Amino acid sequence: MKFTTIPNNGKSWNEPLRYAFECGTEVPTDVEIKITDAATGQTIGRKKLYGVTGGEVDIASYLRGSFDPQPRPMIKTGFAKAAGGMAVAVTAAAIAPGAGSGADDAGQTDASATAPVRKFFRTECDMSRPAVLSRTGQKRSISPDEIDMITLYAERALTAEVEIGQNETTMTFEISIATGGLPCELCVSAIGMQQSTVRIGIELFGDDMKIGHFEYAIAERPAEGRRLMWYNREGGLECHTFAVARTLAAEAEVATVKTGGGVWRRLVEGSHRVLLASDYLTRERYDILHEVLFSPHVWSLDGLAAEPVEIVARKADYPSPAEPAYLEMELSEPWKGGVR
């Protein structure tokens, strides 16, 4: 038993991840494929093939099924492993009676083979070098009750040197995480900071190499503003506060049932349609922000609460070079509360 083809590190489980194997015998046998989380030892999935001398299995659907897209903001600035990053071990084992059990040169048995551990992500990721996967710019603003999320990759370790600037003093500290070769997220939190805080500076290092610098101005969110979070094309989290959020309409569906005791009514579904509009943007900034239209997962971010929202119309016109660039879109938000 041996694997003849396996995916490369950094592939996305949104694309096929094919493992091909040969049994090493002309006699057809039954084979079980086992997919395991190499970090925890937890079984992700199993698949049985009957009466084969070899075959190919695509494990992508098993990994997609274990993905929880919900971001995990933290109340304090810190690192966490990125959702959707997986180190995966795949084993093929003969389950027919009489399968051989001798060891080969690779330390595997004739009746089974384990492929080298491979690391996958929610989008294809270049795992040959450290990188920042979030793209919304080095200069950012954040309100005193908000967080920001940045997605990064390094093979061994990520480090952030944080500088908190207050009116007359500066405080610095350092945080780091051992990545295990998988992407991570840095949560930058302004929650609970002193009122005298005016800026946050972040220097980012991957495997001891500087990979980015972010500068946050502390500013109150516009009264009508709305903060969104989404995944960009590289799988990085993006956060942006849209300057205007205006309710356009409300819709409700009520079910009515007549019974012997009278009429019974129940709210089936309710929602608000909300128009979001950005400030005027540079063309580069516009190109980055409009990728929210292509993200299947979008959240409205209020403090630490990330609530899923639906983009009603996923369409935006490109402005001409002579026109100011700004982004408008409509969201649908579920109605909460009331008698159901």
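**Figure 1. The hairpin of β16 and β17, and the neighbours of β17.** In this predicted model, β16 and β17 form a hairpin with two residues between them, and Asp207 in the turn has a positive phi of about 50°. The two strands of this hairpin, β16 (residues 197-206) and β17, pair in the antiparallel sense over eight bridges. Within that pairing, Phe205 stands opposite Lys210 in β17. Strand β17 (residues 209-218) is also joined to β11, here by four bridges, and these two strands run parallel. In the parallel pairing, the residue that stands opposite Ala217 of β17 is Ser141.

**Figure 2. The second largest pocket and its lining.** About 330 Å³ of space lies in this pocket, and 21 residues line it, of which Ser141, Arg227, His240, Thr241 and Asp279 lie nearest its centre. The elements that give two or more residues to this lining are β11 (139-142) and β19 (237-242), and β11 gives the most, with four residues. When the lining residues of the second largest pocket are divided by kind, seven are nonpolar, five are polar and nine are charged. Ser141, one of the residues nearest the centre of this pocket, is also the residue that stands opposite Ala217 in the view of β17 above.

**Figure 3. The largest pocket and its lining.** The space in the largest pocket comes to about 420 Å³, and its lining is made up of 21 residues, with Asp37, Ala82, Gly84, Gly85 and Met86 lying nearest the centre. Two or more residues of this lining come from each of the elements β4 (43-52) and β7. By kind, the lining of the largest pocket divides into eight nonpolar, eight polar and five charged residues.

**Figure 4. The largest nonpolar core, with Leu63 in close-up.** This core has 35 residues, and among them Phe21, Ile59 and Leu63 touch the most other members. Strand β7 (residues 86-94) gives the most to the core, with four residues. Leaving aside residues up to four places away in sequence, Leu63 touches Trp13, Leu17, Ile35, Ile44, Met86, Val88 and Phe120. Met86, which Leu63 touches, is also one of the residues nearest the centre of the largest pocket.

**Figure 5. Val52 and its surroundings.** Val52 has its place in strand β4, and it counts as buried because its relative accessibility is 16%, where the cut-off for buried is under 20%. Not counting residues up to four places away in sequence, Val52 touches Phe21, Cys23, Val27, Pro28, Thr29 and Val31. From C-alpha to C-alpha, Val52 and Ala94 are 9.8 Å apart in space, although they are 42 residues apart in sequence.

**Figure 6. The pairing of β20 with β21, and the place of Ser271.** Strand β20 (residues 244-259) and strand β21 (residues 262-277) run antiparallel and are joined by 15 bridges, while a hairpin leads from β20 to β21 through two residues. Along this pairing, Ala252 stands opposite Gly270 in β21. Ser271 is found in strand β21 as well, and at 15% relative accessibility this serine counts as buried. Apart from residues up to four places away in sequence, Ser271 touches Ala249, Ala250 and Glu251, and also Ser332, Glu333, Pro334 and Trp335.

Conventions. Residues are numbered from 1 along each chain as its sequence is written. This is a predicted model: local features need pLDDT of at least 70, side-chain atom pairs count only at pLDDT 80 or more; totals for chains, interfaces and linings use all residues. Side-chain values use heavy atoms; hydrogens and water are left out. A nonpolar core is a set of buried Ala, Val, Leu, Ile, Met, Phe, Trp, Tyr and Cys residues joined through side-chain atoms within 4.5 Å. Buried means under 20% relative accessible area, exposed over 50%, partly exposed in between (1.4 Å probe, protein chains only). Contact means heavy atoms within 4.5 Å. On a 1 Å grid over the protein atoms alone, a cavity is a set of points where a 1.4 Å probe fits but cannot get out, and a pocket is an open set with protein on both sides within 12 Å along at least five of seven lines; lining residues have an atom within 4 Å of a point. Grid points are joined across faces, edges and corners, and a volume is the space filled by probe spheres set on the points. Ala, Val, Leu, Ile, Met, Phe, Trp, Tyr, Cys and Pro count as nonpolar, Asp, Glu, Lys and Arg as charged, and the others, Gly among them, as polar. Two strands pair if DSSP finds at least two bridges between them.
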